[in-house]
Amino acid sequence: MIRVDNSAEKRIFASLNNSSINNLKKEVIEKLEDIESSSVRDYNDLSVFESYTNADSISIFKFKKLICKEITNLLRSKIDDNFKAELRTLRDDIYLILSADFGTMKNYLKDKVDSNSLLIYQENKKLRSSDYKKYHKKFETLYSKYLSNVKSDFKKPFFELFNDVNVCPYCNRNFINPIHKDEITKLHGANDNQSPDIEHFFPKSIYPFLSLSISNLLPSCAFCNKIKSDVDTYTQNCISPYEMKENDDRFRFEFDSIDTDTRKINLKCSDTIKNSEVLHLDNLYNEIHSDYVNEMFTKHQKYPDVNKKFLKNTFDLSEDEYQKHFCNYYKEEEFNKHPLSKMTKDLYKHIKEYGK
Ligand SMILES: [Zn+2]
């Protein structure tokens, strides 16, 4: 797991890329930041932009319009009255759901879970399954058509938000850079854009109303998306890459035993956090990367401080360059650029603490 920025700027994306929309985007971002700095956060203040030219090119205005239209259609159908009341509230809160930062979105979700909301999938709940299916299908269709579909105008801009993230934020192992049509040569005969998966941190099968919420979406490798599947990350108490902080100690790698020849990696998580179990990270790292880890340890022992000084002077290397060349030791702000970067940094820290 590595940290991913969840700023207001990250949460706005537009299907167009020109100066008129850039100005509007800037205004929307400023408004969003204003809302989030005030004591009473009213995300509906964003509605002032709805009538602006090109507002529909911005994800939150387009998605808001589409979702509200579908909810209104649902309200006209024959569904449970209590469910109707919840859908009306959902429609009123749609700006918050679409554009809020991760913490606000999670608090909103907590309120829904605590109140046993009909908007959340639960087995044997009182709501008729046909009512839930109708509502679930509406969100599933909107997500497929307007975001995940290769022909969607919002797909490429969505991935552009994560241009600085080269590796999967969940496993920090696989590269996730998209390839767009104009970059694929005719030689390969491909005519589709190729992109990583879009992963819903809180699964859309259980929480359909978060299907298009940017704070719930991250690019991920196909492996993590598949392995995470529909696990309920809320009840399992997983943390999102958006929630991770600098030097976040809730999630770190250590050697199980530093003195043995074959070193096992231990993934230390706070007791209550279940990311490792849900993503099978402990097994993945130990089974696949043990050779890498042992090589890293050997390399570190081969270059004690005296050799390090010689190499740095001979090749005129900065500390940073030395670490990259000989230890693959990365700064936290570069975790998103290199595979296994978080593990490498944590393990080097562990080696140093033991004075090895
Ligand atoms: Zn992954």
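The exercises below go through a predicted model of one chain.

Residues are numbered from 1 along each chain as its sequence is written. In this predicted model, local features need pLDDT of at least 70 and side-chain atom pairs count only at pLDDT 80 or more, while totals for chains, interfaces and linings use all residues.

**Exercise 1. Find which domains the chain has and how many residues of each take part in the contact.**

Step 1. The assignment gives domain 1 (9-228) and domain 2 (251-353); such bounds come from an automatic or database domain assignment.

Step 2. Their C-alpha centres lie 35 Å apart.

Step 3. Domain 1 puts 11 residues into the contact and domain 2 puts in 13, where two residues are in contact if their C-beta atoms, placed from the backbone, lie within 7 Å.

**Exercise 2. Compare the span of helix H1 with its expected span, and work out where its buried residues lie.**

Step 1. Helix H1 covers residues 19-37. Helices (H or I, at least four residues) and strands (E, at least two) are DSSP runs, numbered from the N terminus.

Step 2. The expected span is 1.5 Å times one less than the number of residues. For the 19 residues of H1 this gives 27 Å, and the end C-alpha atoms are 27 Å apart, which agrees.

Step 3. A residue is buried if 20 or more other C-beta atoms lie within 10 Å of its own, exposed if 12 or fewer, and partly exposed in between, with C-beta atoms placed from the backbone. Leu-24, Lys-25, Val-28, Leu-32 and Ile-35 of H1 are buried.

Step 4. Those buried residues fall within an arc of 105° seen down the axis of H1, so they line one face of the helix; the arc is that of the directions from the helix axis to the C-beta atoms.

Step 5. Exposed residues on the other side of H1 include Ser-19, Glu-30 and Ser-37. Helix H4 (94-99) is part of what covers the buried residues.

**Exercise 3. Locate the largest nonpolar core relative to the two domains.**

Step 1. A nonpolar core is a set of buried Ala, Val, Leu, Ile, Met, Phe, Trp, Tyr and Cys residues joined through C-beta atoms within 7 Å. The largest one has 71 residues, and Cys-171 is among those with the most contacts inside it.

Step 2. Helix H2 (residues 59-76) gives the most to this core, with 5 residues.

Step 3. Both domain 1 (9-228) and domain 2 (251-353) give residues to this core, so it lies between them.
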